[in-house]
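Please look over the sequence and the structure below before reading on. The briefing that comes after them is meant for someone who has not seen this structure before.

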Amino acid sequence: MAWKPETDPFIAKQYGENNLTGKRICKKSLQRSLGLPGKSDALLGMICRLTSQKGVDLVEKIFDELMERNLQMVLLGTGESRYEQFFTSAARRFPEKFAARIGFDEALAHQIEAGADIFLMPSLYEPCGLNQMFSLKYGTIPLVRAVGGLKDTVDDYDPEKRTGTGFVFGPYEPQALLETIERALRVFKDKRAWTAIRRQAMSMDFSWDRSAKLYSALYQELAP
């Protein structure tokens, strides 16, 4: 199934870069379907295998602190039993702030990409990564660690220049992740800045058409 918010059949309302009304409808629909209150707080999404490679150990270590912030969070995934048990228990402890679905659900994956405001990918390593590119297309701002394909595809937000497409941190440490989430939440409060970063993200092009043009330009430059 193609990942395009303009044509995605799984989401509550299709939308695009120049009409974000559907994005707000998708957020409310996701909150309702997962039993979360329909608040305007930032909604964080995470879809991954529940293993340390995906950085879920960092999320586990800061989880209670996260729940003290003005945010909600949804998680979809399956993996190591200790993480499945942790997040299942966390959903019971914080029913108005956190929802977890253990398993694979393609429709819900699309709905999280469309409904969340911020997408977490704090990976220990990530040779390529796809969800950060899906998130960019859906205007769901990726928050990633500066590693592998995440570093190559997400530009850290610069508040002075108001450039960038996401939020990037370096050290594989819980505090670094928490500080970056807090930085993203501060920008989220500035609706004008958030709309701008969202549109910058959605304008990114990772298609093969773009790659082919770059390869063609390189070959022409190297040709005698």
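The points below cover the nonpolar cores, the salt bridges, the aromatic pairs and two single residues.

The model is predicted. Its largest nonpolar core has 42 residues. By the rules applied here, the salt bridges come to 10 and the aromatic pairs to 12.

**Nonpolar cores**

- Within the largest nonpolar core of 42 residues, Met 73, Phe 87, Phe 98 and Ile 181 have the most contacts.
- Helix 7, which spans residues 174-189, gives the most to this core, with eight residues.
- A second core of 18 residues is separate and includes Leu 34, Leu 36, Phe 119 and Val 168.
- In soluble globular proteins, nonpolar side chains tend to be buried together.
- Phe 98 is buried, because its relative accessible area of 2% falls under the 20% limit.
- With residues up to four places away in sequence left out, Phe 98 touches Leu 36, Phe 63, Met 67, Met 73, Leu 75, Phe 87, Ala 90 and Ala 91.

**Ile 181 in the core**

- Ile 181, one of the residues with the most contacts inside the largest core, is found in helix 7.
- Ile 181 has a relative accessibility of 1% and therefore counts as buried.
- Apart from neighbours within four places in sequence, the contacts of Ile 181 are Leu 44, Ile 62, Leu 66, Leu 71, Leu 120 and Leu 143.
- Thr 195 is 14 residues from Ile 181 in sequence, and the two C-alpha atoms are 18 Å apart in space.

**Salt bridges**

- Asp 64 and Arg 93 form a salt bridge in which the closest N and O atoms are 3.2 Å apart.
- Asp 64 belongs to helix 2 (residues 56-66) and Arg 93 to helix 3 (residues 81-93), so this salt bridge ties together parts that are 29 residues apart in sequence.
- Asp 64 is partly exposed, at 41% relative accessibility, and Arg 93 is also partly exposed, with a relative accessible area of 41%.
- Glu 68 and Arg 69 form another salt bridge, with 3.7 Å between the closest N and O atoms.
- Glu 68 is exposed, because its relative accessible area is 62% and the limit for exposed is over 50%.
- Arg 198 and Asp 117 meet through their side chains in a salt bridge of 3.1 Å, N to O.
- Arg 198 lies in helix 8 (residues 191-202), while Asp 117 lies in the loop between helix 4 (106-115) and strand 4 (118-121), so the pair ties together parts 81 residues apart in sequence.
- Both ends of this salt bridge are buried: Arg 198 has a relative accessible area of 10%, and Asp 117 has a relative accessibility of 5%.
- Lys 27, Asp 117 and Arg 198 are joined into one network by salt bridges that share partners.

**Aromatic pairs and a charge over a ring**

- The rings of Trp 3 and Phe 134 are stacked, because their planes are at 10 degrees, with the centres 4.2 Å apart.
- Trp 3 lies in the segment before helix 1 (21-33) and Phe 134 in helix 5 (residues 131-137), so the pair ties together parts that are 131 residues apart in sequence.
- Phe 134 counts as buried, at 18% relative accessibility.
- Phe 87 and Phe 98 form a tilted aromatic pair, with 6.0 Å from centre to centre and 45 degrees between the planes.
- Phe 87 is in helix 3 and Phe 98 in strand 3 (residues 98-102), so the pair ties together parts 11 residues apart in sequence.
- Phe 87 is buried, at 0% relative accessibility.
- One aromatic cluster is formed by Phe 63, Phe 86, Phe 87, Phe 94 and Phe 98.
- Lys 191 has its charged end over the ring of Phe 188, 3.7 Å from the ring centre.

**Ser 135 in helix 5**

- Ser 135 lies in helix 5.
- Ser 135 is buried, with a relative accessible area of 0%.
- Leaving out residues up to four places away in sequence, Ser 135 touches Glu 113, Phe 119 and Thr 140.
- Among these contacts of Ser 135 is Phe 119, a residue of the second core.

Methods:
Residues numbered from 1 in each chain as written. Predicted model: local features only at pLDDT ≥ 70, side-chain atom pairs only at ≥ 80, totals over all residues. Heavy atoms only, no water. Core = buried A, V, L, I, M, F, W, Y, C linked by side-chain atoms within 4.5 Å. Buried < 20%, exposed > 50% of the residue type's maximum accessible area, 1.4 Å probe, protein only. Helix = DSSP H or I, 4+ residues; strand = E, 2+ residues; numbered from the N terminus. Contact = heavy atoms within 4.5 Å. Salt bridge = Lys/Arg side-chain N within 4 Å of Asp/Glu carboxyl O. Phe/Tyr/Trp six-rings, centres within 6.5 Å; stacked < 30°, edge-to-face > 60°. Lys NZ or Arg CZ within 6 Å of the ring centre and 35° of its normal.
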